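Please open the model in your viewer and keep the selection tool at hand. The tour below moves from one selection to the next and says what to look for at each stop.

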Amino acid sequence: MTTVYLNGQFLRLEQARISPLDRGFNYGDGVYEVVRAYRGRPFRLEAHFARLADSLAKIRLGVYLSPLTDVPARLVEENGLGGGDALIYLQVTRGAAPRQHAFPPPDTKATIFAYAWELTPNPAWSAPGLTVILAPDERWARCDIKVVSLVANVLAHQRAAERGAQEALLVRDGVVLEGTLSNFFAVFEGEVRTASLSNYILPGVTRALVLELCREHGIPCRETPIFHHELAQAEELFVSSTSFGVAPIHQLDGRTLPEARPVTERLQRLLGETIARECA
Ligand SMILES: Cc1ncc(COP(=O)(O)O)c(C=O)c1O
């Protein structure tokens with residue numbers, strides 16, 4: 001019996017109803033967040049809500065978020081997920097209204113939906129690490145907004161799955177930008193590099209934390225493009241996301257990477273320590 005949140009109420013999943021005219025359903029006109037809770041405590045909740053506020057502002061949807069900040073912890077508790085790791089999905093759409101591309105009447109209420117489920121991290125994400133492929137980035141030009149319309153991500157991720165891979169790294173104009181659900185990093189001569197923030201990548205909460213940890217612990221890092229043709233020279237490759245944490249890449253397009261990955265492993269350790277401290 002799953003308890004979900006819909007428009008101010010906690011109710012059973014079977015009782016949750018949204019209109020078929022919802023603009024999230026009809027247009028993909030909405031934004032979302034995925035938060036992780038460790039032992040019942042949401043991690044970096046403020047950063048997730050700040051990004052949600054930013055996504056909402058960018059799609060020009062005004063929603064008062066303060067009443068929602070308790071929703072992730074409450075969903076974890078209501079669903080008995082406090083003993084382990086959980087993911088909480090929170091979606092806000094422009095509400096239900098008869099079809100017209102322009103915004104609906106101003107009194108249209110946003111639809112706000114959230115639910116939580118148990119996350120069992122796959123040990124293979126750390127050892128041996130992820131198998132990934134490269135795929136053309138066929139997304140739109142506002143990848144900085146966490147919109148619910150994810151068809152291009154779905155198609156690239158499916159392409160990876162059909163090749164036995166867990167992630168596809170998206171390449172646009174020769175630059176490896178990010179994954180379908182993760183940010184991408186490469187280590188060159190001990191320096192950690194990742195794409196700079198722009199309209200072509202999502203500002204990942206975990207990405208920001210990885211850079212924060214690098215700066216705090218004296219690990220050289222730089223936000224600069226990683227070109228496709230440079231990948232063969234990288235000593236280590238890894239991705240970051242709320243679900244993966246920091247996960248090393250073991251194989252890229254069938255090529256096995258070196259087993260030694262001291263920088264990635266150090267960042268995994270530092271991330272683990274941060275989580276232990278903040279979710280104690
Ligand atoms: C396209 C994309 N990039 C990066 C990320 C990683 O972001 P975060 O670390 O906030 O989970 C995600 C997460 O869903 C994503 O969908």
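Axes here are lines fitted to C-alpha atoms, for helices over the stretch in contact, and angles run from 0 to 180 degrees between N-to-C directions. Helices (H or I, at least four residues) and strands (E, at least two) are DSSP runs, numbered from the N terminus. The model is predicted, so local features need pLDDT of at least 70 and side-chain atom pairs count only at pLDDT 80 or more, while totals for chains, interfaces and linings use all residues. Residues are numbered from 1 along each chain as its sequence is written.

**The helix pair**

Select α5 (205-216) and helix α6 (residues 262-278), whose axes come within 10 Å and cross at roughly 105°. The two helices are therefore roughly perpendicular to each other, where angles of 65 to 115 degrees earn that word, under 35 counts as roughly parallel, over 145 as roughly antiparallel, and the rest as oblique. Now show the side chains of Leu209, Val210 and Leu213 in α5, which meet Leu267, Leu270, Leu271 and Thr274 in α6; contact requires C-beta atoms, placed from the backbone, to lie within 7 Å. By class, this contact has 6 nonpolar, 1 polar and no charged residues. For the classes, Ala, Val, Leu, Ile, Met, Phe, Trp, Tyr, Cys and Pro count as nonpolar, Asp, Glu, Lys and Arg as charged, and the others, Gly among them, as polar.

**The ligand shell**

Stay with α5 and select the ligand, around which there are 13 residues, the closest being Leu202, Gly204, Val205, Thr206 and Thr242; a residue is near the ligand if its C-beta atom, placed from the backbone, lies within 6 Å of it. Two elements, α5 and β13 (236-241), each give two or more residues to this shell, and the largest share, 3 residues, comes from α5. The shell divides into 4 nonpolar, 7 polar and 2 charged residues.

**The two domains**

Colour domain 1 (3-118) and domain 2 (123-278) separately; the bounds come from an automatic or database domain assignment. Their centres, taken over C-alpha atoms, are separated by 26 Å, and the contact takes 20 residues from domain 1 and 13 residues from domain 2. On the side of domain 1 that touches domain 2, β3 (30-38), α2 (45-58) and β5 (85-93) each supply at least two residues, and β3 gives the most, with 8 residues.

**The open sheet**

Finally, select the open sheet of 6 strands, which has the order β2-β1-β6-β5-β3-β4 with antiparallel pairing; two strands pair if DSSP finds at least two bridges between them. At the edges stand β2 (9-12) and β4 (41-42), each with a single partner strand, so one side of each is left without a neighbour in the sheet. Zoom in on β3 and β4, which pair in the antiparallel sense over 2 bridges, and find Ala37 opposite Pro42 in β4.

Definitions and conventions:
Contact = placed C-beta atoms within 7 Å.
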